[in-house]
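Here's a quick walk through this one. Have a look at the model first, then read on.

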Protein chains: 2
Amino acid sequence: MVPEPCELGQLQIGYIQPVNDLGTPFLLATQVVAALRSVIGEQSAVLHEPTFSGNEWLYLKECLDSTFVSSVGKFVDRFEADLAAFTCAKHAVAVVNGTAALHIALKLAGVKSGDEVLIPALTFVATANAVTYCGGVPHFIDSEENTLGVDAEKLRDYLEHHTEQRSGQCINRITGKIIRALVPMHTFGHPVDLDRVMAVADDFNLALVEDAAESLGSYYHGRHTGTFGLMGTLSFNGNKTISTGGGGAILTDDAELARHAKHLTTTAKLPHAWEYRHDEIGYNYRLPNINAALGCAQLEQLPAMLAAKRKLFQRYQAAFATVSGIRLMEEPAQCQSNYWLQTLVLDAKYGDQRDFLLQATNDAGFMTRPAWVLMNELVPFKDFPRIDLAGAESLVQRLINIPSSSSLLQVVS
Amino acid sequence: MVPEPCELGQLQIGYIQPVNDLGTPFLLATQVVAALRSVIGEQSAVLHEPTFSGNEWLYLKECLDSTFVSSVGKFVDRFEADLAAFTCAKHAVAVVNGTAALHIALKLAGVKSGDEVLIPALTFVATANAVTYCGGVPHFIDSEENTLGVDAEKLRDYLEHHTEQRSGQCINRITGKIIRALVPMHTFGHPVDLDRVMAVADDFNLALVEDAAESLGSYYHGRHTGTFGLMGTLSFNGNKTISTGGGGAILTDDAELARHAKHLTTTAKLPHAWEYRHDEIGYNYRLPNINAALGCAQLEQLPAMLAAKRKLFQRYQAAFATVSGIRLMEEPAQCQSNYWLQTLVLDAKYGDQRDFLLQATNDAGFMTRPAWVLMNELVPFKDFPRIDLAGAESLVQRLINIPSSSSLLQVVS
């Protein structure tokens with residue numbers, strides 16, 4: 001029997017001795033809380049908070065003094081140039097948030113009404129929502145243990161058995177619909193197995209759009225995530241590695257896609273000294289200058305933040321090394337993860353203890369949370385097509401994010 | 001023959017004497033430039049710029065210091081409460097911009113795929129775009145001289161002849177589609193004839209959603225615009241009376257609509273300590289806290305800004321009193337306009353001189369612009385249904401917005 005979390009209230013006031021006779025859940029929770037405390041200390045900690053210790057002030061003041069807080073202003077251009085430089089994408093288009101970036105990237109990837117788009121069931125709801133904004137149908141695919149992202153080999157097998165190619169398009173044999181695109185998401189900042197994912201996209205004629213909302217500062221084989229597909233999307237929400245309040249971006253190496261993305265996200269207005277003529281149905285998705293100003297200052301500090309997050313990972317790694325039944329998520333081989341959210345992965349046999357651990361750690365003042373409810377289990381998406389999701393179903397029961405702010409530790413230089 | 005605008009370049013360096021032998025266009029342009037200069041002085045002036053002279057600094061600093069720049073933070077709640085207090089709406093829901101506000105208001109008004117929505121042809125493109133985001137079809141209606149907004153009597157006559165009521169729904173006899181909603185827009189801050197517009201909505205079973213993007217601080221018969229319909233929408237873009245960088249809001253007196261609007265604009269996530277469960281297809285439309293902070297400071301200054309804009313109107317009124325062939329747009333009877341954009345209305349016989357006047361005034365350093373290209377003339381909307389648009393077609397040839405910033409004059413108390 002799992003003890004009530006309230007029994008763990010004592011942990012908050014220092015009784016951290018393992019109490020074996022209360023059974024494994026209590027022991028595990030005790031050890032996890034102790035490990036967290038050994039790294040974080042006695043203070044409570046949120047899951048993730050931004051740090052504003054650079055030029056944020058200076059740039060915001062420049063915005064206000066110039067009165068250019070909105071669509072006009074130099075920080076949007078600079079933020080786009082800085083993002084392109086940091087990621088080595090040829091073009092970056094700043095937008096109002098990561099959801100908007102996904103919406104426009106999918107639209108430009110050709111997703112039309114009725115088209116299916118392959119996305120992980122294990123993702124934040126924005127990935128699925130953005131597909132529906134294009135009139136598309138999310139088609140949920142499985143995730144794998146090693147990266148927490150798309151299981152490419154399982155997907156390949158599924159597509160081989162359930163689709164056919166007609167006129168260069170991938171057709172779902174069951175629904176008869178075009179499967180237009182594949183959207184891998186780099187979960188908690190860990191790159192998916194891009195070589196295999198790209199091979200599937202190529203072999204089945206799927207547009208590849210990377211949802212890199214969580215992976216600014218993450219690299220796959222030395223190249224920044226979000227720059228492998230036709231387009232990639234970033235997010236700078238308040239809980240992300242860097243924050244612009246709300247913000248996002250589209251990355252692409254294709255000049256025409258970048259131009260079109262900028263056009264669509266700025267109401268599709270044609271340039272003219274005074275005429276208001278729009279040649280497409282556009283969107284009010286531009287990033288305000290004031291939010292871009294924050295982004296410019298935040299980007300300057302990103303290398304230091306990434307170093308701090310890696311240091312935090314190492315501290316957690318040492319602290320959790322002796323806790324059996326749990327592994328701390330590490331960056332996949334030949335990858336450099338940003339360690340946006342540090343993640344505990346419970347062993348399969350402890351999958352039923354996730355909620356108890358969540359309650360115990362939150363009761364002890366450490367904000368933790370599970371991964372998202374799988375997309376196929378949400379009411380608005382429950383009837384949409386999906387592959388067997390055994391991998392994601394197992395993972396979602398075993399993932400716990402723990403406090404991950406870059407400010408939790410000072411960087412040791 | 002209309003002289004080339006470059007001949008008016010002289011105006012910039014002080015040759016403002018009317019030169020009758022060059023004909024009416026030159027004379028009119030000369031007089032308009034002289035009138036503008038008599039109010040604004042020798043400096044150039046943009047069409048509209050925000051003023052940040054209050055607590056903007058203080059509140060932004062509070063945001064940064066608290067690290068609450070994004071979705072969590074007290075300024076969003078306060079901004080919503082302040083907006084409700086200012087407009088006397090029972091509820092205000094802050095969102096990322098005016099377009100998002102319109103999208104969600106129309107969705108909550110029941111606009112579904114294929115439904116028609118009556119909107120003025122003379123409006124900013126956001127009104128039409130938002131209809132399409134719901135899968136709806138904009139159905140363009142005419143505008144009248146007195147308010148620059150919906151011509152209610154012409155609309156009534158049209159609906160009487162072209163629609164029928166079936167099961168309490170207004171059906172377009174030609175297309176067979178439901179006409180679901182009516183969206184009047186308060187052009188440049190001047191309230192439409194709401195009594196007549198509301199009567200049409202009532203009589204034909206149309207949901208009334210007010211596009212009050214331009215009319216924060218405008219009142220119809222003593223009541224704030226945006227509070228007459230089922231919902232009203234506001235915008236705080238950089239060019240608006242107050243600015244949050246980018247921002248908007250939905251106003252409503254209906255508690256359930258307000259709750260639903262908040263839910264839909266915050267990804268439709270159900271409240272829970274850690275679970276991410278969403279029960280509808282939602283949107284990432286929440287206003288970041290940092291933008292709301294700017295909004296709180298701006299709202300505090302709104303009464304002074306409105307006074308300054310009224311004073312500017314009075315100064316323009318005096319300056320343009322002697323210019324024949326042009327009238328300065330005044331607030332409709334029993335209305336109080338915010339005078340967001342001051343507007344010249346050319347007499348019908350001078351409708352062919354609009355572009356010449358635009359060039360001359362811009363050449364002289366005064367930023368002016370025409371109204372928008374009519375929606376039915378834009379490629380994406382050209383095949384959509386419309387009423388006869390003689391009123392809007394005439395107006396659009398004769399409207400010129402002139403510099404309107406509240407900072408152009410100091411308020412005389």
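What follows goes from the pairing of the chains, to the domains, to a single helix.

## How the chains pair up

Keep in mind that this is a predicted model. To lay chain B over chain A, you rotate by 180 degrees with 0.0 Å of shift along the axis, and the RMSD comes out at 0.0 Å. That's the relation of a two-fold axis.

The contact itself draws 50 residues from chain B and 50 residues from chain A. On the chain B side, the elements giving two or more residues are α2 (56–66), α5 (125–133), α9 (289–320), α10 (354–363) and β15 (369–370) of chain B. Sorted by class, this side of chain B has 24 nonpolar, 19 polar and 7 charged residues. And 100% of the interface residues of chain B are also interface residues in chain A, so the copies meet through the same surface.

## Two domains in chain A

Chain A splits into domain 1 (5–50 + 302–371 + 388–408) and domain 2 (56–299). Taken over C-alpha atoms, the centres of these two domains of chain A are separated by 29 Å.

Where the domains of chain A touch, 26 residues of domain 1 are in contact with 33 residues of domain 2. On the domain 1 side, α9 (289–320), β13 (335–336) and α11 (390–396) of chain A each supply at least two residues. The largest share belongs to α11(A), with 5 residues. As for chemistry, the domain 1 side of this contact in chain A divides into 16 nonpolar, 8 polar and 2 charged residues.

## A closer look at helix α8 of chain B

Which residues of α8 (residues 255–265) of chain B are buried? They're A258(B), A261(B), L264(B) and T265(B). These residues sit on the same side of α8(B), because they cover an arc of only 135 degrees around the axis. Flip to the other side of α8(B) and you'll find A255(B) and E256(B), which are exposed.

So what covers the buried residues of α8(B)? The cover includes β1 (91–95), α4 (98–108) and β11 (248–252) of chain B. One last thing to check on the backbone: just after α8(B), T267(B) takes a positive phi of about 65 degrees.

Notes:
Residues are numbered from 1 along each chain as its sequence is written. Chains are lettered from A and ligands numbered from 1 in the order in which they are written. This is a predicted model: local features need pLDDT of at least 70, side-chain atom pairs count only at pLDDT 80 or more; totals for chains, interfaces and linings use all residues. A residue is buried if 20 or more other C-beta atoms lie within 10 Å of its own, exposed if 12 or fewer, and partly exposed in between; C-beta atoms are placed from the backbone. Helices (H or I, at least four residues) and strands (E, at least two) are DSSP runs, numbered from the N terminus. The arc is that of the directions from the helix axis to the C-beta atoms. Two residues are in contact if their C-beta atoms, placed from the backbone, lie within 7 Å. Domain bounds come from an automatic or database domain assignment. Ala, Val, Leu, Ile, Met, Phe, Trp, Tyr, Cys and Pro count as nonpolar, Asp, Glu, Lys and Arg as charged, and the others, Gly among them, as polar. Copies are superposed by least squares on the C-alpha atoms of residues with pLDDT of at least 70 in both.
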